[in-house]
Amino acid sequence: MKPQDKQAYLEEYELLKKKGKPFFPYAVLKDSAMALIVVVVIIAMSVILGAEQGPKADPTSTTYVPRPEWYFFFLFEVLRVIKPPELVPIATIGIPTICMVLLLLLPFYDRGAERRPERRPIATTAGIFTIIAMGYLTFLGATSGSPTEIDMEVAPQYEAGKEVVAGAGCLACHKIGENGNHGPGPDLTHIASRVPRAAIIRSVEIGPGIMPSFRDLPQKKLDELSDFLSSLD
Amino acid sequence: MPKLRLPKIPDSVVPAPLRKPAKPGRGGLPKGQAPADLKTAPPERQTDVQRLGDKAKDAPADVLAWVDQRTGATGFLTGMLYRKVPKGTNWFYTLGSATLFAFIVQAVTGVFLAMFYTPSATQAYASISHINNEVPLGALVHGMHKWGSSVMVILIFLHMGRTFFFGAYKYPRELNWVIGVVLLILTMTMAFTGYLLPFDQRSFWASIVGININGTGPIVGPYLSDFLRAGPELGATTLSRFYAIHMLLVPGAIIALIGAHMYLVVKLGTTAPPWVRAEKPKVATPVAELDAGVEGNGAGPSNGASAT
């Protein structure tokens with residue numbers, strides 16, 4: 001913005017202010033009405049939706065699928081879109097950090113004098129695109145199931161392992177055949193053809209990358225789980 | 001939308017600090033001139049009770065004057081309350097104060113929850129059950145805190161959207177945009193750390209994944225996740241750490257930055273919608289009338305008439 005643009009803006013603003021109304025009571029009245037709406041909405045949500053407790057946190061239990069609060073869905077979904085393991089840091093930290101820096105520094109690279117959205121096509125388009133992208137990713141996150149059932153035929157000796165995998169919530173991040181979500185974790189449909197049994201066990205126990213560790217599972221369940229997974233070839 | 005119009009506020013409604021009432025018996029007449037009734041009937045002597053009553057009447061103004069002499073607060077207050085907001089200010093401009101109000105709801109409900117919550121891995125879950133089932137209105141306050149966070153996040157994004165599309169982050173308000181983005185990040189930090197506190201399965205496993213996500217970051221990532229986890233496994237120390245961040249560190253920073261944000265709002269003023277112009281080009285307003293309207297509430301002509 002050139003110095004004369006700044007001067008013009010300040011003069012225009014001074015005139016607009018002179019033609020305006022005092023903050024009290026006009027703006028205060030609108031703000032109070034809005035505050036009332038906010039508190040009524042919050043109380044209504046509390047009464048209708050409540051704040052029920054889930055089961056108590058238990059490192060050895062496997063019946064829960066990790067799910068963030070809904071307004072973090074869009075971040076979690078970025079992980080599903082960007083799949084290769086070597087790119088995971090870009091999805092987890094890289095993209096959010098870049099977006100935050102771009103957002104923080106916005107006034108320093110968008111320095112034009114124009115303020116009307118219809119005359120700032122690049123900024124307005126970028127803004128609308130960001131809203132659509134975040135909305136779409138949130139929608140994906142909200143509709144992606146957290147299935148705890150696996151619908152597939154397996155040999156009887158792997159039935160127990162299938163139940164452990166389903167109960168441990170592996171499908172929140174992994175796909176097995178037609179079941180489960182496409183990422184952030186790798187597809188497990190043919191895991192045994194790529195990864196030996198020992199490596200599968202190590203992964204389950206360590207929890208590489210963003211995956212939680214399942215080393216607190218009882219040994220029997222761990223064995224059943226590894227039997228089932230190493231049968232998938 | 002119909003324009004909001006309010007009748008002119010009578011003086012009696014104006015907050016007391018803004019005008020000190022004239023003391024009885026003072027003012028009104030020039031020095032040395034007796035009021036008319038004094039000539040006919042001498043005034044009754046004030047009784048002690050009356051004098052006390054007068055003093056009591058003046059007390060609020062005197063106290064405020066005392067405070068004002070030492071702080072200059074009334075000047076600031078009048079400046080803040082009666083500053084003009086520019087022409088065209090509409091309901092979109094309530095989103096910022098609505099976000100602030102949502103934060104206040106979070107702060108108040110949070111204080112009440114803290115009175116009953118125990119930040120220990122063994123007792124946290126039971127203390128939340130206690131709040132939900134036994135504390136009077138506990139379930140309501142807990143629900144308000146839980147859903148209030150969603151409302152606050154939505155409002156903060158709407159407020160940011162308004163600022164973005166109206167170009168309100170441009171000169172001279174760049175710094176306030178930066179403060180706002182930091183407030184957004186801090187609000188998300190509150191959401192992340194608060195999620196673990198109920199210590200149920202959902203919060204436990206989601207926090208593990210969240211901490212692991214931080215751990216994949218380049219260079220600082222592993223240190224960050226170690227710091228958050230406060231140990232090899234998510235457990236009691238993690239909970240205390242999240243509790244301290246959620247209760248002390250981030251709220252303190254948020255309150256300080258909201259103060260800075262609002263100081264700049266008052267100092268720089270809120271923007272007008274970008275399509276509003278000070279002069280309407282089609283309606284030709286005579287300059288004299290415009291000036292009169294600006295200067296003296298449209299009373300210009302009548303003043304002129306009485307002077308002649």
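Q: In this predicted model, what share of the residues in chain B is buried?
A: Let's start with chain B of this predicted model. A residue counts as buried if 20 or more other C-beta atoms lie within 10 Å of its own. Of the 308 residues in chain B, the share that is buried comes to 30%.

Q: How many helices and strands does chain B have?
A: Reading along the sequence, you meet the pattern α-α-α-β-α-α-α-α-α-α-α-α-α. Counted up, that gives chain B 12 helices and 1 strand.

Q: What percentage of the contacts in chain B with a separation of 6 or more comes from residues 24 or more positions apart?
A: Here we look at contacts in chain B with a separation of 6 or more. Residues 24 or more positions apart account for a share of these, and that share is 70%.

Q: How many residues does each chain bring to the contact between chain A and chain B?
A: Both chains take part, so let's take them in turn, with contact meaning C-beta atoms within 7 Å. Chain A brings 66 residues, and chain B brings 72 residues.

Q: Which element gives the most residues to the side of chain A that touches chain B?
A: The elements giving two or more residues to that side include α1 (3-18), α2 (23-49) and α6 (121-143) of chain A. By class, the side has 41 nonpolar, 10 polar and 15 charged residues. The top giver, with 18 residues, is α2(A).

Q: Which residue of chain B stands opposite P22(A)?
A: Look at β1(A), which pairs with strand β1 (residues 84-85) of chain B. The two strands run in the antiparallel sense over 2 bridges. Opposite P22(A), in β1(B), stands K84(B).

Q: Which helix gives the most to the largest nonpolar core?
A: This core has 58 residues, and V38(A), A98(B) and F199(B) are among those with the most contacts inside it. Both chains feed it: α2 and α3 (73-81) of chain A each supply at least two residues, and so do helices of chain B including α4 (95-116) and α7 (174-196). With 11 residues, the helix that gives the most is α6(B).

Q: How many residues are in the other core, the one with V165(A) and F228(A)?
A: This core lies apart from the largest one. Among its residues you'll also find I176(A) and L188(A). Its size is 18 residues.

Q: Which residues does M152(B) touch, not counting those up to four places away in sequence?
A: M152(B) is one of the residues with the most contacts inside the largest nonpolar core. Setting aside residues up to four places away, its partners are T99(B), A102(B), F103(B), Q106(B) and T187(B).

Q: What distance separates the end C-alpha atoms of α8(B)?
A: This helix is mostly covered, as 15 of its 15 residues are buried. At 1.5 Å a residue, its 15 residues should span 21 Å. The distance between the end C-alpha atoms agrees with that, at 21 Å.

Q: Which residues does the cis peptide bond with an omega of about 0° join?
A: One cis peptide bond, between F24(A) and P25(A), has an omega of about 5°, and P25(A) sits in helix α2 of chain A. The bond we want leads to P172(B), in the loop between α6 and α7 of chain B. With omega about 0°, it joins Y171(B) and P172(B).

Q: Is L137(B) buried or exposed?
A: L137(B) is in the loop between α5 and α6 of chain B, and its phi is near 60°, a positive value in a residue other than glycine. A residue with 12 or fewer C-beta neighbours within 10 Å is exposed. L137(B) has 10 inside 10 Å, so it counts as exposed.

Q: How many other C-beta atoms lie within 10 Å of A230(B)?
A: A230(B) lies in the loop between α9 (221-229) and α10 of chain B. Its phi is positive, about 55°, although A230(B) is not a glycine. A230(B) is partly exposed, and the number of other C-beta atoms within 10 Å is 17.

Q: Over which residues of chain B does pLDDT stay under 50?
A: The mean pLDDT of chain B is 83, and 77% of its residues reach 70 or more. Where pLDDT is low, the predicted coordinates should not be read in detail. In chain B, pLDDT stays under 50 over residues 291-308.

Methods:
Residues are numbered from 1 along each chain as its sequence is written. Chains are lettered from A and ligands numbered from 1 in the order in which they are written. This is a predicted model: local features need pLDDT of at least 70, side-chain atom pairs count only at pLDDT 80 or more; totals for chains, interfaces and linings use all residues. Two residues are in contact if their C-beta atoms, placed from the backbone, lie within 7 Å. Helices (H or I, at least four residues) and strands (E, at least two) are DSSP runs, numbered from the N terminus. Ala, Val, Leu, Ile, Met, Phe, Trp, Tyr, Cys and Pro count as nonpolar, Asp, Glu, Lys and Arg as charged, and the others, Gly among them, as polar. Two strands pair if DSSP finds at least two bridges between them. A nonpolar core is a set of buried Ala, Val, Leu, Ile, Met, Phe, Trp, Tyr and Cys residues joined through C-beta atoms within 7 Å. The expected span of a helix is 1.5 Å times one less than its number of residues. pLDDT is the predictor's confidence in each residue, from 0 to 100.
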